[in-house]
Amino acid sequence: MFDPSEKPRVFGLPPGVDFPKLLVKGMLQRSEGTQPQDLARATLMVNTRRMARRIRDLFDAGPALLLPQIRLVTDPGQGHVFTDIPDAVSPLRRRLEVAQLVSRLLDQQPDLAPRASLYDLADSLADLMDEMQGEGVGPEALQNLDVSDESGHWKRALGFLDIVQHYFSDSGATPDAQTRQRMIVNALTESWQEKPQQQPLIVAGSTGSRGTTMALMKAVAKLPQGALVLPGYDFEMPLSAWDDLSDAPDAHGEKGMPAEDHPQYRFRKLMDELGVGPQDVQPWTDTPAPCPVRNRLVSLALRPAPVTDRWLEEGPELTGLDQACTDLTLIEAPSQRDEALTIALRLRQAADEGITAALITPDRMLTRQVTSALDRWGIVPDDSAGTPLQLSAPGRFLRHVSALFHRKLTSESLLTMLMHPLTHMGGERGAHLRLTRELELHIRRQGMPFPDPEQMRFWANLRDDPEAIPWMEWLIGAFIDKDGASLMALSDHVDRHIALAEVIANGSAPTGENTLWDKDAGIAARSVVETLRDEAEHGGILSPVDYADLFGAILSQSEVRNPDEPHPKILIWGTLEARVQGADLVILGGLNEGSWPEIPTPDPWLNRRMRHDAGLLLPERRIGLSAHDFQQAIGAPQVWLTRSIRSDDAETVPSRWLNRMTNLLNGLPGQGGDQALSDSRHRGNTWLAMARQLEDPGQTTPAPRPSPRPPVIARPNRLSVTEIKRLIRDPYAIYARHVLRLRPLDPLMRAPDALLRGIVTHSVLEQFIHEVRADNRALTAQRLNEIAETILAENVPWPEIRALWSARIARISDWFVSTERQRQSRAVPSFFEEQGEVKLSEVDFTLSAKADRIDMDAQGRAHVYDYKTGAPPSAKQQRIFDKQLLLEAAMITRGGFAGIGPADVAEAVFIGLGSKPAEVAAPLIEEPVEQVWDKFETLIQSYFKPEQGYTARRALFKDTDPSDYDQLSRFGEWDVTTDPKAEDLT
């Protein structure tokens, strides 16, 4: 296949070409005139399974041939037998072993990192071990590092790395995957040195970014029929620029920091290792790049940062910039949503045109948004990354189940589990969902933050439903009181976890197999569980919290492909897949710093200088590989470059490579660079305008401010004194509640809000006054605080809120006791939570009330008190809006409280119990009870007139105050300056 050569054979394919297609073309060209079996004797080693499948498909397209052997660079031992190299241990086993070491480290040095980061640290340490094995760096390299100038953290981390040294010394007996791969490459290299392979062997598509891969490529390149085919090789870069990338020692023997962030650096390093130069790299085929002038532009734009002054020398020599940008579109969207919608719109047109289009981005949030936008046209893209297993239905279900063992069950988490699509799938799910709905309404009504088995059994027994009791017993047995477990072996955790998951999935009365392990996601989840079960003996003893974290971390490392049939020509690729694929239209999305390139993952074990001194890969390696991906993809026939100007309400920074390109083009007005860039932006703005038009909802007449006028007979004929304030300020809320009979849905979790605080405070004060009335010696702040502690413990299940409210009561206790002595010196506490009502004579209406407290003095006069945990209303507010105490006083004078009878009112007072405790008296002098009652009757009689409407938000205290019925009244389409529109209802 190859002519004899004294130098290693290194070929390249330029950026932008369909790499697999031209790779196959080059092999066929070199096989012309040979025997059919000669091609079959060749071996082709590629870097991904996806590329191997694509190459096989290209060969299968014809003509009929004996195909070469296609293998993976990551499995160099395929087709060979190495009796002295044991099989690699499971990566999970190694991570479990490392996790135990990290766990003990955190126990000894808790200030090193929080416990929640245990498995992140274990994974990063395992990755570091893999990297050391792959790069051939032994533990002695770390031991010899000089950390005298480093902080204490790095010294401690380096000391801990000594603990994992035995993994290197024992690597021959129990190698991990990276160690075994290096051992195989070393064995192949020795074998080829003794007896070189005579059949063609080609390594294609790899950049040699890992040490083991580099060693394999070096060994292959020295074979008589060995060759390397480099992807995205920059044939446009001059020799002087290649010299800038070399980190070989200079004339003085000094070696600088490598320029690993350049896209071609890995190729320069490979050349130095092989002893060849850029002039020795030959084109694999004679097929030119789709747009050579664009490749020249990008090549110059991406020169190493220290030598960007070359722009001044080589920039004026660039020609054809208009041609370079003809098929280049630049999208600078206002937001990521606009960016995603514009990309989806272009992909939809590509589907109509029948061309192959690929979105390439490392930003998974952007890909999810694009996929969602494509759904409106029924297009399912072929996403190479799939869905993380932890986000699939089985993954979420299993994580919820694992949380039951370490987290106190709340009503919210219980209902989340009950409504999960995999729960109760082995039995009658319809009855299960019906009972779940009714249980939810019961929990909301009762305000049950934590499920109580006794209350839930009581609810089930009251139901006239034969399925309710067995269903409830299954629920209690499966979900409640599972969080009391202690330390146990990992294998026991797994068995208990999966057993409970099966019970929950089967349901209360199983009639068949559940669907937990069905379909692709279920099969993948079962595989993960079985692997974990097989390796559990290496996991040690774990707490339920650590087990849940471990299980979630393992799930996050697996992915599930979309089970739907994807569109064959609409593709979403990660940067790895994009290196060796080809498409007619390539969209490079999310071109912002942090995505292109991605922010390097922090290394908790070694800093940058330590990695450099040890001979490990620098963080710039990822940047260089990402730059290579960018350079290779931007050379496609049609290219879109997209970014969002803002993300998460913050300004974004353009990708450094996009920034370089735009700066270079703007700096070449003489060659039309600025105009070419402007045209690219104009094309992008046209698509952005179409996307905005697609989202335009059109013009809709805003709703008027409602003022419904229902029939008089349908209007409420009974209200409480507290609702009169609402009738005055927001009549529409009275209409919605009493005419439409709509109630705000109670929260699922009883919140520690002002309502609950008021209820608890009232209970505390009522019990306190009762005790004081029985024994005046109880009138002390200490006794008040003791009662508060008891009632708070019974009614407030949140420890932090309980402590806060207890402190608030303690803060006002001295003041309350002091003022209570004055109150009791004037009158005797006589009535608590007293019910009363008064009927109007002119209309069919009843006013009701429940007075917090009424004291009676020696003259038979009433002293009315109302407790307020917030700020009590001022006298002016009481005269106009808040009529509660004034109306209660008027009701007393009319005998509205049966236990009291008609009586004069000496005073009516709000007792404010907020941060600034105070007493605020009702203005009985300015507003005598007779006057109050006359105004009240006039108000009620007006709402029994057909022409009186219930206006929304008539006089709220503040325009920003919410109403329970703002959504119903469509507030926002109108505001408080809008005149109400009356509407007669029938």
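The following paragraphs walk through a predicted model, moving from its sheets to its helices, its nonpolar cores and a few individual residues.

A good place to start is an open sheet of six parallel strands, arranged in the order β3-β2-β4-β5-β1-β6. Its edges are formed by β3 (69-72) and β6 (282-283), each of which pairs on one side only. Further inside this order, β2 (residues 43-46) runs parallel to β4 (residues 201-204), and three bridges join the two strands. One residue pair can be picked out here: M45 has V203 of β4 as its bridge partner.

Another open sheet, also with six strands in parallel pairing, follows the order β7-β16-β15-β8-β14-β9. Strands β7 (328-333) and β9 (382-383) each have a single partner strand, so one side of each is left without a neighbour in the sheet. Within the sheet, β8 (residues 357-360) pairs with β15 (residues 585-588) in the parallel sense over four bridges, and I360 finds its bridge partner in L588 of β15. Helix α16 (residues 336-353) packs on this sheet, where the helix touches β7, β8, β14 (570-573), β15 and β16 (638-644). The direction of α16 makes about 160 degrees with that of β16.

Later in the chain, strand β24 (residues 905-912) offers a helpful example of an enclosed strand. Seven of its eight residues are buried, so β24 is largely enclosed by the rest of the structure. Strand β24 pairs with β23 (residues 862-868) in the parallel sense over seven bridges, with H863 standing opposite E907 of β24. With β25 (residues 918-921), by contrast, the pairing of β24 is antiparallel and involves four bridges. Here G912 stands opposite A918 of β25, and a hairpin of five residues leads from β24 to β25.

Helices can also pack on one another. Two packed helices are described by the angle between their axes and the distance between the axes. For α28 (residues 620-633) and α29 (residues 656-666), the axes come within 10 Å and cross at roughly 50 degrees. Because of this crossing angle, α28 counts as oblique to α29. The residues that meet are I623, S626, A627 and F630 from α28 and R656, W657, L658 and M661 from α29.

Turning to the interior, the largest nonpolar core contains 84 residues, of which F397, L475, F479, W605 and L606 touch the most other members. A second, separate core has 51 residues, among them A851, I940, Y950 and A955. Looking more closely at W605, its contacts beyond four places in sequence include L105, L121, W154, F160 and M610.

R611 lies in helix α27 (residues 608-614). Is R611 buried or exposed? Its relative accessibility is 8%, and because buried means under 20%, R611 counts as buried. The side chain of R611 makes a polar contact of 2.4 Å with that of E131. Apart from residues up to four places away in sequence, R611 touches several others, including L128, D603, L606 and L618.

Finally, G26 in helix α1 (residues 19-31) shows how distant parts of a sequence can meet. G26 and W284 are 258 residues apart in sequence, and their C-alpha atoms are 6.1 Å apart in space. Leaving aside residues up to four places away in sequence, G26 touches W284 and T285. With a relative accessible area of 0%, G26 is buried.

Key. Residues are numbered from 1 along each chain as its sequence is written. This is a predicted model: local features need pLDDT of at least 70, side-chain atom pairs count only at pLDDT 80 or more; totals for chains, interfaces and linings use all residues. Side-chain values use heavy atoms; hydrogens and water are left out. Buried means under 20% relative accessible area, exposed over 50%, partly exposed in between (1.4 Å probe, protein chains only). Contact means heavy atoms within 4.5 Å. A nonpolar core is a set of buried Ala, Val, Leu, Ile, Met, Phe, Trp, Tyr and Cys residues joined through side-chain atoms within 4.5 Å. A polar contact is a pair of N or O atoms within 3.5 Å; within protein, one must be able to donate a hydrogen and the other to accept it, and residues adjacent in sequence count only if both atoms are side-chain atoms. Two strands pair if DSSP finds at least two bridges between them. Axes are lines fitted to C-alpha atoms, for helices over the stretch in contact, and angles run from 0 to 180 degrees between N-to-C directions. Angles under 35 degrees count as roughly parallel, over 145 as roughly antiparallel, 65 to 115 as roughly perpendicular and the rest as oblique.
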